[in-house]
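Reader: I have a small model open beside me and would enjoy some company while going through it. Could you take one part and walk me through it slowly?

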Amino acid sequence: MCLGIPGRIVEILDGYHGQIALVDVSGEHRKVNIGLLEEDPPGAGDWIVIHMGFAVERTDAAGAAAAMDGLRLLGSGEQP
């Protein structure tokens with residue numbers, strides 16, 4: 001497992017063979033390469049986990065919330 005940040009796809013951008021998506025990550029839009037998920041390509045509205053600019057897996061809203069909770073916990077320095 002890697003340290004990944006969840007985001008929700010806003011749209012698939014034209015001109016990149018369907019491999020670049022505009023993704024909402026905590027209210028900011030970022031370009032993310034979704035080419036690693038070509039077997040089950042995500043679309044607008046889907047949740048993904050991002051690592052170093054690449055979507056590494058699909059998730060759902062509950063998985064995204066759990067990932068953000070984990071990131072907040074890491075940032076706080078508290079023990080679970």
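What follows is a close look at one part of the fold, with its surroundings sketched along the way.

Reader: Please look closely at strand 4. Which strands does strand 4 pair with, and which residue takes a positive phi in the hairpin of strand 4 and strand 5?

Author: Happy to. One thing to keep in mind as we go is that this is a predicted model.

Let me set the scene before we get to the strand itself. The chain has five strands and one helix, and from the N terminus on the order is β-β-β-β-β-α. With a radius of gyration of 13 Å, close to the 12 Å that the globule rule gives for 80 residues, the chain is as compact as a globular protein of that length. Along the principal axes, the C-alpha atoms fill a box of roughly 45 × 25 × 20 Å. Of the 80 residues, 29% count as buried. Among contacts with a separation of 6 or more, 33% come from residues 24 or more positions apart.

Now to strand 4, which covers residues 47-51. Strand 4 has pairing partners in strand 1 and in strand 5. Strand 1, residues 5-12, runs antiparallel to strand 4, and four bridges join the two. Strand 5, residues 54-59, is also antiparallel to strand 4, with five bridges between them.

If you would like residues to click on, begin with isoleucine 50. Its bridge partner in strand 1 is isoleucine 5, and its bridge partner in strand 5 is alanine 55. Isoleucine 50 therefore has a bridge partner in strand 1 and another in strand 5, as strands are paired by the bridges DSSP finds between them. Valine 49 gives you a further pair to inspect, with glutamate 57 as its bridge partner in strand 5.

Next, follow the chain out of strand 4 and into the turn. Two residues lie between strand 4 and strand 5 in this hairpin, and methionine 52 is the residue with the positive phi, near 55 degrees. Methionine 52 has that positive value although it is not a glycine. It sits in the loop between the two strands. Is methionine 52 buried or exposed? Its relative accessibility is 73%, and the cut-off for exposed is over 50%, so methionine 52 counts as exposed.

The turn also brings us to another part of the chain. Glycine 53 and lysine 31 are 22 residues apart in sequence, yet their C-alpha atoms are 7.6 Å apart in space. Lysine 31 has its place in strand 3 and counts as exposed, at 58% relative accessibility. Leaving aside neighbours within four places in sequence, lysine 31 is in contact with Leu13, Tyr16, Ile20, Ala21 and Leu22.

Strand 3, residues 28-33, takes us to a second hairpin. Six bridges join strand 3 to strand 2, and the two run antiparallel. One bridge pair to look for is valine 23 with arginine 30 in strand 3. This hairpin has two residues between its strands, and serine 26 in the turn has a positive phi of about 50 degrees.

Upstream of that hairpin, the loop between strand 1 and strand 2 holds histidine 17. Phi of histidine 17 is near 60 degrees, a positive value in a residue other than glycine. With a relative accessible area of 80%, histidine 17 is exposed.

Finally, come back to strand 5 and follow the chain onward. Aspartate 60 is found in the loop between strand 5 and helix 1, which spans 61-76. Aspartate 60 is partly exposed, with a relative accessible area of 45%. Its C-alpha atom is 9.2 Å from that of arginine 8, a residue 52 positions away along the chain.

To finish with the outside of the chain, the accessible surface comes to about 5,400 Å², and 54% of it belongs to carbon and sulfur atoms. The chain carries 5 positive and 12 negative charges, whose mean positions are 5 Å apart.

Definitions and conventions: Residues are numbered from 1 along each chain as its sequence is written. This is a predicted model: local features need pLDDT of at least 70, side-chain atom pairs count only at pLDDT 80 or more; totals for chains, interfaces and linings use all residues. Side-chain values use heavy atoms; hydrogens and water are left out. The radius of gyration is taken over C-alpha atoms; the globule rule is 2.2 Å times the number of residues to the power 0.38. Buried means under 20% relative accessible area, exposed over 50%, partly exposed in between (1.4 Å probe, protein chains only). Contact means heavy atoms within 4.5 Å. Accessible areas come from the Shrake-Rupley method with a 1.4 Å probe; for residues, only the protein chains shown count as cover. Lys and Arg count as positive and Asp and Glu as negative; His and the chain ends are not counted. The place of a charge is taken as NZ of Lys, CZ of Arg, CG of Asp or CD of Glu.
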